[in-house]
Amino acid sequence: ILSATVVWVVRIWAAPQFRFLLPPLCWAVMPFGIYAVWRYRTADIEFLARLEMQQIVFAALLLLVIVNNLYSQESMRVLSCGLVFLAMFVAMYGIYQWLSSSGTVWGLLRPAGYFSRASGTFISPNHLAGFLEMMLPLGIALVATGRMAVLTRICLAYASIVALAGIAGSQSRAGWISAGIGLLTLLAFLLRTRKQVWMVLVILLISGSAGYWFYARTVAPRFNQTNFQGHERDIRLRLWTSAWKMWKQEPWCGIGPDHFDYRYRQYREPVDKTQGRPGRVHNDFLNTLTDYGAIGLVLALLPVAVTVWSVRRCWPHLQRSGADFSQKKGNRSNRAALVLGSAAGITALLVHSFFDFNMHIPSNALIAVVLFAIIASHIRFATDRYWFTARWPVALTGTVALALALAYLVPETVARSREVIFLRRAELLPDGSAQKIALLKRAAGIQPRNFETAFAIGEQLRVLSFLGNADSVAKAGEAIQWFERGVALNRWDPNSAIRCGMCLDWIGKHDEAAPYFRRGIELDPNYWYPRAMMGWHEFQIENYKEAFDWMQKSLDVNWVDNPLARTYLDLAFRRLAEENAKKARQ
């Protein structure tokens, strides 16, 4: 995106009579962008808010780059066909994973629950479905109403079938529903032209038959296993309940950009079915409402509303007479197909956004931006009022604006890339090694506000301290400094506070340790780990009755996979039995 922006700046001055195209959508994204910058400046966790704000700026920049540089019919055709064929190859990889029960993505291990599902180049199958459901209507629209060579049309038809198979292989319930609604939206538009009725019937027959066959063998069992109430109800419903409570605390401006994952812990339900780190709300609309408040959600939906208006405004100017497949030179416009396919793809993604967080996955979000840009650029066929010739005052203004964006984003991108390089190198080294700690410290030096790196360094030092070597106390003291830094950078993270308490207990400062464990309970009262660690603290100071009670409370919310609580519950029970026996002898 940055490279394309540089090329754009060069074109402004090098291209003869360069013109800016600024349709309503380009203006509609600005209020949310400005709001995101302001919300970043007021957020509790600066590092998370900064990364979120930068992604929003990148998305807006991509929209402007495409609309102002790739608006020609040839560029749009290449762009759209490239995306459809990319979807085909990603779906092929997903189908291979599905049929072979592969557990990896490019050699990286996937969660065990995904082994029998297609995820393509994504980790989550739901995000593969989100990508393919955007491309499926675009491919079918180009086949049905586009004007291109017969071979290209055949390849696009094949790519669309493969994408449909990929969605089936993902076994994503929301993906299946969303793809169906996207196709129905596409077909509803096609039915408005009587000459395309037979084309609609053919598409319905092929997609309906294939869809039914795939549905019965992939998604149907998952639908049947879905619970909407009781202890086994779907995790999404639990997250939605917690997010709704969270939003009520900050209804107008929200809790902060990308803050849900950390603030969620105080609103977690006390049951063993909740995730330790859900990441997102599994509902893009509710996630935005929680993070940015009602103001942010309205501003985020403004571009969607403007896009709907744009489709209605330009649609009459995109129609062609006839629905034949002729290849006459004057009848090769793909305008209607591009707008129709993009609109149906966006519709599918918006439906999926009620059940997942595809718009928080950068790749899918940027693909959606491309579809928005395709629609926005076609407003030029309805009116010329959004063109601005780049005379020197306009050219200078545009250049300065883009230069300012580059001046901020380029150093940030370089710094983030360098940080990630050091973090990835550190992952490959043994825990506790001096080289690993050194690399983590170099990463922390590049991004000093990354609280997760501070925690990782502290944890390496804590583990070394707990080995009990001669430098044990010094290692614990250094670890405390890093954990306290993590607490300062993210006051909603219980783990840094708990680790501080562990180090203080290790060096015998039990009174100083107690507040940190209590802080962990305050931040995450209904999760098994803070409860177990409070019990661990009580065990260190020989309050075995309290340790027993806290371990029992930990098991109350995680009975199945909780070896820490089980071990110390047993130890506390034995110590209590020994104390009782000793009292009896006395």
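A crossing of two helices is left-handed if the near helix is turned anticlockwise from the far one by less than a right angle. This tour of a predicted model begins with such a pair.

**First stop: helices H4 and H6**

Select residues 73–100, helix H4, together with residues 150–170, helix H6. Their axes come within 8 Å and cross at roughly 40°. Angles from 35 to 65 degrees fall among those counted as oblique, and H4 and H6 are therefore oblique to each other. The crossing of H4 and H6 is left-handed.

Next, display the side chains at the contact. On H4, the residues to select include Cys81, Phe85, Met88, Met92 and Trp98; on H6, those meeting H4 include Leu156, Tyr158, Val162 and Gly166. The residues of this contact comprise 15 nonpolar, two polar and no charged.

**Second stop: helix H15**

Proceed to residues 392–427, which form helix H15. This helix of 36 residues reaches 51 Å from its first C-alpha to its last, close to the 52 Å expected. Colour its buried residues, among them Ala395, Thr399, Leu402, Leu406, Leu409, Glu419, Phe422 and Ala426. Which elements cover the buried residues of H15? The cover includes helix H1 (2–14), strand S1 (19–21), helix H3 (46–69), helix H16 (434–446) and helix H17 (451–465).

**Third stop: Asn562**

Finally, select Asn562, in the loop between helix H22 (544–557) and helix H23 (563–585). Asn562 is buried, with a relative accessible area of 1%. To view its surroundings, add Trp528, Ser554 and Leu555, with which Asn562 is in contact once its neighbours within four places in sequence are left aside.

Key
Residues numbered from 1 in each chain as written. Predicted model: local features only at pLDDT ≥ 70, side-chain atom pairs only at ≥ 80, totals over all residues. Heavy atoms only, no water. Helix = DSSP H or I, 4+ residues; strand = E, 2+ residues; numbered from the N terminus. Expected span 1.5 Å × (residues − 1). Buried < 20%, exposed > 50% of the residue type's maximum accessible area, 1.4 Å probe, protein only. Contact = heavy atoms within 4.5 Å. Axes fitted to C-alpha atoms, helices over the stretch in contact; angles between N-to-C directions. Parallel < 35°, antiparallel > 145°, perpendicular 65-115°, else oblique. Nonpolar A, V, L, I, M, F, W, Y, C, P; charged D, E, K, R; others polar.
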